[in-house]
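Please explain how this chain is built, beginning with its helices and ending with the empty space between them.

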Amino acid sequence: MSIWEYANPTRFMQTSGKLLPTVAVLSLLCLVIGLIWGFFFTPDDYRQGSTVKIIYLHVPSALMAINAWLMMLVTSLIWLVRRHHVSALAAKAAAPIGLTMTLIALITGAIWGQPMWGTYWAWDPRLTSFLILFLFYLGYMALWAAIENPDTAADLTSVLCLVGSVFALLSRYAVNFWNQGLHQGASLSLDKEENVADVFYLPLLVAIAGFVLLFLALVLLRTRTEIRIRRAGALVARERLS
């Protein structure tokens, strides 16, 4: 079975309809377990105090903000190369979710930054690139809304997604590119020496799994909605012609 079979809207609707309930339940379980475990059953940090617990919202949301855009990049490239409508609609569906994740990351980062840095905002490289990424999400959604022809909108938003991917990568690696800046290094990495302590690490992994599954569930749900809207629009256009 080829993966491209799922580019067929009917096939996608059938498969996603079966997957969606399971993914939604798993995301709810992981979020409840991860957040309750992290907020109520982990100790305060010896330097950051109770403010360290904001990582259970900040780190997963920041991670998904970047990866949502990267997912949009992949689906946009598929649209530009293979012209599969489901991929374009999946990118469109992911944008509001990524925007929300970026906003959560910015707000929680500001809440954490005030007691740690003495200010809610600083023009730190990672913070600035994240703000630009947030603006790209807004621009992407505005471009979809401004263009009536869906194929033209998919073409232009795909090009915008390619440009915005630069800032998605900058948001991920800004700390590595620029040594100056207030933002700390990565809380999670393949190098165990850079990870947070295990007492925070394990519930954080569960929370991240919850955010990933939540993103997947919402993308499936919104893509199904976009397909239905497209079908309804096609029916209305056909009735007008007849």
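**Helices and the spaces between them**

Helix 1 bends by about 35° at L19, with a proline, P21, following within four residues. This geometry, like everything described below, belongs to a predicted model. Helix 1 covers residues 9-40. At 1.5 Å a residue, its 32 residues should span 46 Å, and the C-alpha atoms at its ends lie 44 Å apart, so the expected and modelled lengths agree.

The wider setting is a chain with six helices and zero strands. Along the sequence the pattern reads α-α-α-α-α-α. Of the 242 residues in the chain, 40% count as buried. Among the contacts in the chain with a separation of 6 or more, 76% are made by residues 24 or more positions apart.

Helix 1 contributes a series of buried residues, namely F12, M13, S16, L20, V23, S27, C30, L31, G34 and G38. Against which helices do the buried residues of helix 1 pack? Their partners are helix 2, helix 3 and helix 6. S16, a residue of helix 1, may serve as an example. Its relative accessibility is 2%, and because buried means under 20%, S16 counts as buried. When its neighbours within four places in sequence are left aside, S16 is in contact with L220 and R224.

Helix 3, which runs over residues 85-117, can be examined in the manner used for helix 1. Its 33 residues should span 48 Å at 1.5 Å a residue; the end C-alpha atoms are 46 Å apart, and therefore the two values agree. A bend of about 30° occurs in helix 3 at A95, and a proline, P96, follows within four residues. Just after helix 3, G118 adopts a positive phi of about 85°.

A90 is found in helix 3. With a relative accessible area of 10%, A90 falls under the 20% limit and is therefore buried. Not counting residues up to four places away in sequence, A90 touches M71, T75 and T223. One of these partners, T75, is 15 residues from A90 in sequence, while the C-alpha atoms of the two are 7.0 Å apart in space.

A90 and T75 also lead to the second largest pocket, since both appear, together with Y6, F12 and V86, among the residues nearest its centre. The lining of this pocket comprises 20 residues, and about 510 Å³ of space lies within the pocket. Which helices each supply at least two residues of that lining? They are helix 1, helix 2 (55-82), helix 3 and helix 6 (198-241). By residue type, the lining of the second largest pocket divides into 14 nonpolar, six polar and no charged residues.

The remaining topic is enclosed space. Rolling a probe the size of a water molecule over the atoms shows where empty space is left. The structure holds one cavity of 30 Å³ or more. The largest cavity has a volume of about 30 Å³, and its lining consists of W79, H85, A88, L89, W144, P150, D151, A154 and R230. Helix 3 and helix 5 (150-177) are the elements that give two or more residues to this lining. Six of the lining residues of the largest cavity are nonpolar, one is polar and two are charged. Helix 3 thus has a part in both spaces, as it supplies residues to the lining of the largest cavity and to that of the second largest pocket.

Notes: Residues are numbered from 1 along each chain as its sequence is written. This is a predicted model: local features need pLDDT of at least 70, side-chain atom pairs count only at pLDDT 80 or more; totals for chains, interfaces and linings use all residues. Side-chain values use heavy atoms; hydrogens and water are left out. On a 1 Å grid over the protein atoms alone, a cavity is a set of points where a 1.4 Å probe fits but cannot get out, and a pocket is an open set with protein on both sides within 12 Å along at least five of seven lines; lining residues have an atom within 4 Å of a point. Grid points are joined across faces, edges and corners, and a volume is the space filled by probe spheres set on the points. Ala, Val, Leu, Ile, Met, Phe, Trp, Tyr, Cys and Pro count as nonpolar, Asp, Glu, Lys and Arg as charged, and the others, Gly among them, as polar. The expected span of a helix is 1.5 Å times one less than its number of residues. The bend at a residue is the angle between axes fitted to the seven residues ending there and the seven starting there. Buried means under 20% relative accessible area, exposed over 50%, partly exposed in between (1.4 Å probe, protein chains only). Contact means heavy atoms within 4.5 Å.
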